[in-house]
Each structure stands twice: as C-alpha cells, then as structure tokens.
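Please open the model in a viewer and keep the sequence panel at hand. The tour below proceeds by selection, with a short account of what each selection shows.

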Amino acid sequence: MPWVTLDPPALCLPSLPLTGRHVGVPRLCGERFISAGWSFALGLLPSWSVLLAAACVALRFTAFTVLQGGGILGFRLCGPEGQGFSVDVSSLPLVLYVFSAVSYLSCSAAADLLESHAELGHRCLFLMDHVGGAVYQYGCALALSLYSGDSAWTQGMLGQAFLPAAALLAWSSCTACCYAKLRPCRLQTLSRRLCLVVPMGGAYLLDIGPVVHRLANHSWTRGSPLHFLQVVLFLLSAFFFPVPVSVHVHPGRQLSRVLLSLCILAQQEALFQDFLWRRAALVRELGEERLLLACASLPGLAVCCTTTALAMRRHLLHC
C-alpha cells in the first residue's frame, strides 16, 4: 500500500540571487575593480526606514504642538493686543530644526530609492540629498546651541562663534560631497570617501558640541539620557558610513543612514524637553534680534548650498 502524505506539494519557484554582477549596476553606483557581489534589493529596507523616520518626526512634532495647546509653530495669529500677526521668536529654532530634519530624511530616502533609474537623476538626487544634509546640520546646530546648551556657554565666546562656524562647515560639507559625487572618475574610492566623511563628520561633531559640553560639565537632568543616546547613535553612524559591510547584511552607508535616523528621533525628543525648559528665558537672555538673525541664517545657507550644487551640476557632462 503506497504511503499517502497530507503535506502540500513543494512549490518549485526559482530562487532570487542575493547578489549579482556589475553589469546590472548603473555606472555611477559601482566601484572600481569590483565585478560581483552587488546587492540589488537589500538596500530598499533601510531607505524605506529613513522615509518612515521622516514621517515619525513630522507626526511627533504635530502631536507635541497639539499637546502644548498650539502657539509653538513660530507664529501667532493674534498679537499682544489681541489682533494682528506676531512671531514667536523662541519657537522658531525648533520649527526650523523639524523642517530641516524632515527635509533631509525625505531627500535621503528619495536619493536611495530612485538612484538607479538614470545617471542624471542619480546625480541630481544625491545633490539634493547633500543640500538637505547641510541644511539639517545647521538646523541641528541652531536648536542644540539655543535649547540644549547652558546659558553661560551660549553667551560666551564659543557660543557666539558656534553658529557661524556651523554654517561654514555645513556649506563646506555640501560642497565637498557634491564634488565627490560629480567627479567619480577623477577620485579614487578612498579619496571620495574622505571627501564625504571628513567635512560631514567635522560638521556633525561641531553640532553636538553643546550637548557634549553639557553632559561632561553638568549634572544629568531629565533630557540627558536622550542626549547621551543621540551622541552614541551618531558616533555609530559615523563609524559605519565609511566602513564596507557585507552585502548580505546591507552596505555600511545604508546602516549609517538608519542609525542617523534613530539619532534624529532621540534628538527631537530631547529638544522637546529642553525647549519647554529654556523657552521662557530664551528671548530675555539672547535678545530677539540675535535669535532672528540666527534663524534667518538657515534659509540663507539653503540658498548658498543650492546655488553651489547647481553650479557644480553644470559640469556633469565633463565627467
């Protein structure tokens, strides 16, 4: 008597290879002297994770605004006399920070998800990604210096030179990254990674300076564990960015973006707590004119970085 089995028949479906050869990789996505081992699908999960982080940042800020009863969007529809339009200067740095973080995460996800469609689109998307990264760097420096740094540091010599230095490093980071992306044929792999890592890492290290100073010189408060977490996540992100990881996991650059997204989420929560603590005294300590000038520097930086990226884009055909 033959054996009867109730197990469903095995489906003979062709297995998809985890990696492929360089012939299926766009020219600008490839690396010299590497002909096999490329992963075509595993990079999508980190990219969608970055896009999810952008949505989480926006939704969390909306919830925070509603829970605080409104009025922290940087403006009010009713002025002190009950009519007109007034600007809430103490809230503007937080609004600009959230805008810069959402813009950077969205540009980063778009660059990763659409990079292989065409060479011109690949380059343009990453130029937009680098501009968004520079804007976020300054937005991060702006919020951390005003909300998370102690008042003595903010009003001291280092605090006064901090934001101009952060803007200069953010523009330098954007310029170096754009050059490395537009001139791949003239830069070796190591040189291109140095162009990406050194200015970007220097800018981010400067941005978290107020937080490191606060954690090292003051007793920990309610938001200190979140600040410590964001510093750890940033350092891990900076470590994995230039380090090649096996394609069976995901490239180091993709892992770096996921860690940086988690860093931004922790950073935002810490800034919310610092904002509630420093908001009342911020205008009194620094002055309204200084706050407005610091906030106006962010759109100015965005214009400068965009102009730089567009100027470099003119040389695309010469690579």
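The stops that follow go from the whole chain to helix pairs and then to individual residues.

**The whole chain**

Begin with the cartoon of the entire protein, bearing in mind that this is a predicted model. The protein contains 10 helices and 4 strands. Followed along the sequence, these elements are arranged as β-β-α-β-β-α-α-α-α-α-α-α-α-α. Of the 319 residues, 44% are buried. If contacts are restricted to residues at least 6 apart in sequence, 71% of them join residues at least 24 apart.

**The largest nonpolar core**

Next, select Leu94, Tyr97, Leu105, Tyr136, Tyr138, Leu142 and Ile264 and show their side chains. These residues touch the most other members of the largest nonpolar core, which comprises 65 residues. Helix α3, residues 119-148, supplies the largest share of this core, with 13 residues. As general background, nonpolar side chains in soluble globular proteins tend to be buried together.

Keep Leu142 selected and display its surroundings. Once neighbours within four places in sequence are set aside, Leu142 is in contact with Pro93, Leu96, Leu163, Ala294 and Cys295. Several of these partners return at the next two stops.

**Helices α2 and α10**

Select residues 92-113 for helix α2 and residues 288-313 for helix α10. Their axes come within 10 Å and cross at roughly 15°. With that angle under the 35 degrees cut-off, α2 is therefore roughly parallel to α10. The crossing of this pair is left-handed. To see the contact itself, show Leu92, Pro93 and Leu96 on α2 together with Leu292, Cys295 and Leu298 on α10. The residues of this contact comprise 6 nonpolar, no polar and no charged.

**Helices α5 and α10**

Leave α10 displayed and add helix α5, residues 157-182. Here too the axes come within 10 Å and cross at roughly 15°, so α5 is roughly parallel to α10. In which hand does this pair cross, left or right? The crossing of α5 and α10 is right-handed.

The α5 side of the contact consists of Gly159, Gln160, Leu163, Ala167, Ala170, Trp171, Cys174, Thr175, Cys178, Tyr179 and Leu182. From α10 come Arg290, Ala294, Leu301, Cys304, Cys305, Thr308, Ala309, Met312 and Arg313. Coloured by residue class, the contact of α5 with α10 shows 14 nonpolar, 4 polar and 2 charged residues.

Now centre the view on Met312, in helix α10. Is Met312 buried or exposed? Its relative accessible area is 18%, so Met312 counts as buried. Beyond neighbours within four places in sequence, Met312 is in contact with Thr175, Cys178, Tyr179 and Leu182. A distance label between the C-alpha atoms of Met312 and Tyr179 should give 7.3 Å, although the two residues are 133 apart in sequence.

**Helices α7 and α8**

Move to residues 209-217, helix α7, and residues 224-240, helix α8. These helices pack at an angle of about 125°, and their axes are 10 Å apart. The two are therefore oblique to each other. Viewed as a pair, α7 passes α8 in a left-handed crossing. For the contact, show Val211, Arg214 and Leu215 in α7, which meet Ser224, His227, Phe228, Gln230 and Val231 in α8. By class, the residues of the contact of α7 with α8 are 4 nonpolar, 3 polar and 1 charged.

**Tyr204 in helix α6**

Select Tyr204, which lies in helix α6, residues 189-207. Its relative accessible area is 7%, and Tyr204 is therefore buried. Aside from neighbours within four places in sequence, Tyr204 is in contact with Tyr104, Gly133, Tyr136, Gln137, Phe234 and Leu260. Among these partners, Tyr136 is 68 residues from Tyr204 along the chain, and the C-alpha atoms of the pair are separated by 9.8 Å. Tyr136 was also selected at the nonpolar core, as one of the residues that touch the most other members.

**Ser103 in helix α2**

Finally, return to helix α2 and select Ser103. How accessible is Ser103? At 23% relative accessibility, Ser103 counts as partly exposed. Adding Gly132 to the selection shows a C-alpha separation of 6.0 Å from Ser103, for two residues 29 apart along the chain.

Conventions:
Residues are numbered from 1 along each chain as its sequence is written. This is a predicted model: local features need pLDDT of at least 70, side-chain atom pairs count only at pLDDT 80 or more; totals for chains, interfaces and linings use all residues. Side-chain values use heavy atoms; hydrogens and water are left out. Axes are lines fitted to C-alpha atoms, for helices over the stretch in contact, and angles run from 0 to 180 degrees between N-to-C directions. Angles under 35 degrees count as roughly parallel, over 145 as roughly antiparallel, 65 to 115 as roughly perpendicular and the rest as oblique. A crossing is left-handed if the near helix is turned anticlockwise from the far one by less than a right angle, and right-handed if clockwise. Contact means heavy atoms within 4.5 Å. Ala, Val, Leu, Ile, Met, Phe, Trp, Tyr, Cys and Pro count as nonpolar, Asp, Glu, Lys and Arg as charged, and the others, Gly among them, as polar. A nonpolar core is a set of buried Ala, Val, Leu, Ile, Met, Phe, Trp, Tyr and Cys residues joined through side-chain atoms within 4.5 Å. Buried means under 20% relative accessible area, exposed over 50%, partly exposed in between (1.4 Å probe, protein chains only).
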